[in-house]
Amino acid sequence: MDSSPRPSRYDILFEPVQIGPKVAKNRFYQVPHCNGGGYRDPSAVAEMRRTKAEGGWGVIFTEQTEIHQSSEITPFIEQRLWDDRDIPALARMAEAMKSHGALAGIQLAYSGINGPNLYTREVPLAVTGGPILTFTADPVQARTIDRDDIRDIRRWFRNAVRRAQAAGFDLVCFYGAHGFGIFQHFLSRATNGRSDEYGGSLENRSRFVREVVAEAREEMRGEMAITLRLSLHEAGALGFSNAEVRDFIAMNSDLPDLWDLAHGTWESCSGTSRFVPEAAQEDLVRGIKDLTRKPVVGVGRFTSADEMVRQVKDGVLDFIGAARPSIADPFLPKKIEEGRFDDVRECIGCNICVSGDMTGALSRCTQNTAFMEEWRKGWHPERARPKGPSESVLIVGAGPTGLEAALQLGKRGYRVTLAEATTMLGGRVARERKLPGLAAWGRVADYRSGQIAPMANVETYLDSRMTADDVIEMGVQHVAVATGATWRRDVVARQHLVAVPTDPAMPLFTPDDVMAGEGPVGGRVMLYDDDHFYMGSAIAEVLVARGCQVDFVTPATKVAEWTENTLEQATIMRRLLSLGVNVIPCKAPDAIGAGEVRLACTWTGAQSAMPADAVVMVTSRTPSDALYHELHARDWRAAGILSLKLIGDAAAPGPIAWATYAGRRYAEDLDVPDIGDALPFRRELAELRP
Ligand code: ADP
Ligand code: SF4
């Protein structure tokens, strides 16, 4: 791999920067980010942070850490610092963060109006009481805090600072962004309706954060630094707008040791690449540096070193903040430092990582297959485990599964043959990257094909559709069939487990047809979506561009329901409405006629007929596993094949992240001794009290 030194124009990114009493070794700042592991998987989280330290980040933060049991955000799994018993897990994380000279930061959060306390059952306490504002619409209200409560919360922050220091952290971040932290709740007139000295004027609304910061400084005795994470712009007439944020920073310019600025809601801040380009927050943050002598960090899904340099040189930012780019490539700073730009594994902006947190699972990353498996499985974002005793592997199919398997096996040192039927690498990604807004998804294929191209031990064959005879004749030791899946042409998915009566006169199409440039052009098209992720709305956009009048029918109560987990659902709905798509929720086809579809209400079964010139089914996918089954039925062992595996979408269709993961899993498990029924990952169990 190229290890040429970087051109000098990037040197500015590697200058040390002072943060209060601490010095960051460079400008790469991993802002706080969730990971779905939190307090439940402390060692998994610590080891994930360690890879960032190894990868060269100057500052590394925890996810949000709840400072007190009276404010927690179950079902979301973050960190807790409720009492001294939480210190050891966080100390393990701080130690990992500092292992390669990074500063270790902890984000302290009191969730107030954002915390339903479903686990602790405490009455939620908010700046101004009212229904809890979170993703889950819990039927719970918070009580308005009085002066005694405010004193208590200030003391709890003080306790948390003391515990954070005991755990070994260098920096404390007070969380007041994304609508999630009490600092924002005080600052915003939308959530602060108080008439006492903590409400009303901006000065009064700033009182709480000033008090907490002053008390934290006393507690720290000059040994830690304080950062304040604020929303750059809260929408709405009463929201803490960008103009007020600037007034606040001008009034309190020396309050924290660093300003950490992030767009209004989490949805706005962590927009997907489908809707939000790189560096999209520049206008909101530009000029803020002129209001303060303290360094400023901002985010914007930065993966381009040139863009980073520009933002620093233009005086927009002092630090390049990154959550997702640091997840997709924990070694981003090191690769830029060493001038290895082609080795950067760029975030594709898909928000699958976010979905891990939203679903209470352990987060995954489409690009970095080792994410959150560093400790559980011993995977590493850059290194592969040593080669085992066998030598050769054939991978059939070069989609995300096959490409990742080839890359990881290539790194391990196997002789790899990657055979692809078409003339392009990437499989589904080669098709889906052409859908509106999804160009960045092509990085899944580009990164992997770029990495395997120079590997002498990986040979790639395009235009090579493999038959069972071809495979048998190859004389390889291991065969992985990664031949993908195709979209079904009928209604079968979740709502319908069997097909409905269908008149063959109705033209039926699939996303595969539309992506191949086939399917309806003009006319009235019914798109039936029982997939609920991105594909339905992306295909609807294509159809609108082709001049079709689109009726978007879904049995769900809202379009693209699962994209709540990628923070896109509202944006998708807005996009469809702005394109003139007719959205019809809570309905599903009962029968498909020649020029119409009979729909049934999913609640009552009430029938209605809708005219349609064609129907596009976005329902479910059929694994392309014929080659595997043909091989399986033959005496493949007699041909010298030691193992035959079906992997990725060809085994069980899922999102692209599931495919890259399947490729990694195959490569990691090859030649590893059989562990029988043992658990294939490490985990931590709750400690039983006597
Ligand atoms: P996954 O997401 O699991 O990687 P994809 O559908 O993206 O699945 O990719 C599967 C790839 O396998 C496609 O590029 C397809 O052209 C290729 N393929 C399918 N059948 C064969 C075959 N018999 N020989 C070689 N390549 C194949
Ligand atoms: Fe980026 Fe997607 Fe990975 Fe998240 S899951 S870090 S958005 S590539």
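Mentor: Accessible areas come from the Shrake-Rupley method with a 1.4 Å probe, and for residues only the protein chains shown count as cover. By that method the accessible surface of the chain comes to about 26,100 Å², with 51% of it belonging to carbon and sulfur atoms. This is a predicted model, in which local features need pLDDT of at least 70 and side-chain atom pairs count only at pLDDT 80 or more, while totals for chains, interfaces and linings use all residues. Side-chain values use heavy atoms, with hydrogens and water left out; residues are numbered from 1 along each chain as its sequence is written, and chains are lettered from A and ligands numbered from 1 in the order in which they are written.

Trainee: I see a chain with 21 helices and 29 strands; why is the chain called as compact as a globular protein of that length?

Mentor: Helices (H or I, at least four residues) and strands (E, at least two) are DSSP runs, numbered from the N terminus. For compactness, the radius of gyration is taken over C-alpha atoms, and the globule rule is 2.2 Å times the number of residues to the power 0.38. The rule gives 26 Å for 690 residues and the chain has 27 Å, which is close, so the description holds. Along its principal axes the C-alpha trace spans about 75 × 65 × 60 Å.

Trainee: Why is threonine 563 called buried?

Mentor: Buried means under 20% relative accessible area, exposed over 50% and partly exposed in between (1.4 Å probe, protein chains only). Threonine 563 has 0%, and therefore counts as buried, as do 60% of the 690 residues of the chain. Threonine 563 sits in the loop between strand 22 (549-553) and helix 19 (569-578). Leaving aside neighbours within four places in sequence, its contacts (heavy atoms within 4.5 Å) include His532, Phe533, Tyr534 and Ile572.

Trainee: What makes arginine 546 count as buried?

Mentor: Its relative accessibility is 18%, so arginine 546 falls under the cut-off. This residue lies in the loop between helix 18 (535-545) and strand 22. Glycine 519, one of its contacts, is 27 residues away in sequence, with 9.9 Å between the two C-alpha atoms.

Trainee: How do you know that helix 15 is largely enclosed by the rest of the structure?

Mentor: Seven of the ten residues of helix 15 (residues 443-452) are buried, which is why we conclude so. Among them are Val444, Tyr447, Arg448 and Ile452. Those buried residues pack against helix 13 (400-412), strand 16 (415-419), helix 14 (428-432), strand 17 (458-461) and helix 21 (656-669).

Trainee: Which atoms of ligand 1 do backbone N or O atoms of alanine 421 and arginine 428 approach?

Mentor: A polar contact is a pair of N or O atoms within 3.5 Å; within protein, one must be able to donate a hydrogen and the other to accept it, and residues adjacent in sequence count only if both atoms are side-chain atoms. Alanine 421 places a backbone N or O atom 3.0 Å from a nitrogen atom of ligand 1, and arginine 428 places one 2.7 Å from an oxygen atom of ligand 1. The protein covers 92% of the 580 Å² of accessible area that ligand 1 has on its own.

Trainee: Which residues come nearest to ligand 2?

Mentor: Cys347, Cys350, Asn351, Cys353 and Cys365 come nearest, out of 14 residues around ligand 2. Helix 10 (324-328) and helix 12 (352-358) each give two or more residues to that shell, and helix 10 gives the most, with three.

Definitions and conventions: Near = heavy atom within 4 Å.
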